[in-house]
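The following exercises concern one helix and one strand of a single structure. Please attempt each task before reading its solution.

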Amino acid sequence: FFNFDSQQPEIQNKDAKIYKVIIGSELPPFEETKREDFLFFCSRHNQIMGSPILIDICLRNNIPLMLGGKIDQGFEWITEFSAYNESNKSCVRWFGELPQESKVSFTKRARAVAVLHQWESPFSLLGTEAAHYGTPLIVTRRGFWPDFIDRDGKNGFIVDSAEDFLRAYELCKYVKQIDCYNASKKYNADEMVRTFRAAFEDILK
């Protein structure tokens with residue numbers, strides 16, 4: 001299911017620089033939340049965001065998947081999984097474009113948020129918000145994710161195959177919510193200012 005021919009390797013170069021960014025308003029204080037057995041993903045739905053791969057894995061393995069977000073042209077088949085379609089009896093349910101409060105509710109209740117990016121994403125607001133709410137992540141080895149996900153699985157898992165994905169889904173129920181929250185602290189306003197300042201200083205050298 002995964003195509004990693006153009007995949008970015010894990011960041012191991014000590015000279016590599018990561019410029020952290022935050023987007024949006026301040027989030028409410030962290031609190032423990034009862035989890036349910038489903039995955040959540042809310043984004044634009046197209047190939048590079050990994051929606052087809054995620055849906056395929058969940059359908060093949062009967063994993064409940066809740067989706068939100070706009071569907072791009074060419075991917076209208078995802079509407080077949082509408083949560084409002086009474087004939088949809090599958091484990092995948094698409095709720096359309098979600099208001100912020102609904103997105104937060106799904107994020108806080110999910111066993112994990114799955115983000116299978118197929119491009120070098122520099123940032124994911126959904127991912128950092130999920131961590132803030134104590135929700136672990138299942139992600140690909142693309143873009144900023146190797147910098148964000150702890151190697152010991154404290155706040156989620158990087159997956160390279162469908163087998164890795166299924167293993168991560170099982171392990172996510174053992175991830176501590178407080179560890180996810182602590183991981184989100186490195187994406188804050190002070191850290192953003194520090195890394196942006198470092199970027200400008202590099203440019204001016």
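This is a predicted model, in which local features need pLDDT of at least 70, side-chain atom pairs count only at pLDDT 80 or more, and totals for chains, interfaces and linings use all residues. Residues are numbered from 1 along each chain as its sequence is written, and side-chain values use heavy atoms, with hydrogens and water left out.

**Exercise 1.** Determine which residues of helix H5 are buried and what covers them.

*Solution.* Step 1: helices (H or I, at least four residues) and strands (E, at least two) are DSSP runs, numbered from the N terminus. Step 2: buried means under 20% relative accessible area, exposed over 50%, and partly exposed in between (1.4 Å probe, protein chains only). In H5 (residues 162-171), the buried residues are Ala162, Phe165, Ala168 and Tyr169. Step 3: viewed down the axis of H5, these buried residues fall within an arc of 115 degrees, so they line one face of the helix; the arc is that of the directions from the helix axis to the C-beta atoms. Step 4: the cover, judged by contact (heavy atoms within 4.5 Å), includes strands E1 (39-42), E4 (112-115), E5 (137-139) and E6 (156-158), together with helix H1 (51-61).

**Exercise 2.** Describe the surroundings of strand E4.

*Solution.* Step 1: Ala112 and Ala114 are buried on one side of E4, and Val113 and Val115 are buried on the other. Step 2: two strands pair if DSSP finds at least two bridges between them. E4 pairs in the parallel sense with E1 over two bridges, and with E5 over three bridges, also in the parallel sense. Step 3: alanine 112 in E4 stands opposite leucine 39, while valine 115 has valine 139 in E5 as its bridge partner.
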